[in-house]
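Here are some exercises to work through with the model open beside you. Try each task before reading its solution.

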Amino acid sequence: MSTTKRVKPNILITGTPGTGKTSLSEILSNTHDFKHVDISALVKEKELHDGWDDEFQCYILDEDKVCDELEETMNQGGIIVDHHGCEWFPERWFDLVIVLRTDTKILNERLKKRNYNTVKIENNIDCEIYQMILEEAKNSYKHEIVKELQSTTIEDNEHNQQIIGEWINSWNKQ
Ligand SMILES: Nc1ncnc2c1ncn2[C@@H]1O[C@H](COP(=O)(O)OP(=O)(O)OP(=O)(O)O)[C@@H](O)[C@H]1O
């Protein structure tokens, strides 16, 4: 495990599916020259799973395989990880944890556009109503590095880019 300060910070962007993690991760990665790791895409590409879950229409992620795959990358720093869960990553990996939140009416519309089945939409809306990912993040990381950001409108997205960009610039001056 690396104990020296990373040259660039690692950021986790998490939240219920559809809250805008991938969109924000891609913009930030391009703007600040970070590497974007979309866990769902990585799991599929490297087959870091134990098969397909028909009910939830997603791969059954193998957390140990994902962590083994990413350990070296994360030690380099300058990584933005994008995933709808956060409790099973090593706490040492992240300098900032962003939890995106979306108005459930808007979230419902976004998920419907993806042709998710009713069960999957209801599960995700419940997850957002009961702020399950926010609670997961607060239980898994130091409170001072967990930031809850709204992600309902384009203005929110622009605000989030600015807030996180300022944080990255201030981290580099530490
Ligand atoms: N702040 C925002 N305002 C308006 N629309 C947004 C905002 N953030 C994301 N969107 C839109 O919401 C949809 C979902 O965004 P995105 O795919 O980034 O979500 P996600 O959280 O990564 O989803 P998943 O976890 O399923 O990958 C996209 O159509 C995106 O353009």
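**Exercise 1.** Find where Lys8 sits relative to β1, and work out which residues surround Lys8.

*Step 1.* Lys8 belongs to the segment before β1 (11-15); helices (H or I, at least four residues) and strands (E, at least two) are DSSP runs, numbered from the N terminus. This is a predicted model, in which local features need pLDDT of at least 70 and side-chain atom pairs count only at pLDDT 80 or more, while totals for chains, interfaces and linings use all residues. Residues are numbered from 1 along each chain as its sequence is written, and side-chain values use heavy atoms, with hydrogens and water left out.

*Step 2.* Check the exposure: Lys8 has a relative accessible area of 23% and is therefore partly exposed (buried is under 20%, exposed over 50%, partly exposed in between, with a 1.4 Å probe and protein chains only).

*Step 3.* List the contacts (heavy atoms within 4.5 Å). Setting aside neighbours within four places in sequence, Lys8 touches His32, Asp33, Phe34, Gly77, Gly78 and Trp171.

*Step 4.* Look at His32 again: its backbone oxygen is 3.2 Å from a polar atom of the Lys8 side chain.

*Step 5.* Now compare sequence with space: 71 residues separate Lys8 from Ile79 along the chain, yet their C-alpha atoms are 8.0 Å apart.

**Exercise 2.** Which residues of the largest nonpolar core touch the most other members?

*Step 1.* Recall that a nonpolar core is a set of buried Ala, Val, Leu, Ile, Met, Phe, Trp, Tyr and Cys residues joined through side-chain atoms within 4.5 Å.

*Step 2.* The largest such core has 26 residues, and Ile39, Val81, Phe89, Phe94, Val97 and Tyr141 touch the most other members.

*Step 3.* Trace the suppliers: α2 (39-46), α3 (63-76), β5 (79-83), β6 (96-101) and α6 (132-140) each give at least two residues. The largest share, 4 residues, is from α3.

*Step 4.* Take Phe94 as a close-up: beyond four places in sequence, its contacts include Arg6, Met74, Val81, Phe89 and Tyr141.

**Exercise 3.** Which residues are closest to the ligand, and which polar atoms face its oxygen atoms?

*Step 1.* The ligand is surrounded by 16 residues (each with a heavy atom within 4 Å). Lys21, Thr22, Ser23, Arg114 and Thr153 are the closest.

*Step 2.* Pick out the distances to ligand oxygen atoms: 2.6 Å from a polar side-chain atom of Ser23, 2.9 Å from a backbone N or O atom of Gly20, and 3.0 Å from a polar backbone atom of Gly18.

*Step 3.* Finish with the helices: α1 (21-32) provides the largest share of the shell, 3 residues.

Terms used
A polar contact is a pair of N or O atoms within 3.5 Å; within protein, one must be able to donate a hydrogen and the other to accept it, and residues adjacent in sequence count only if both atoms are side-chain atoms.
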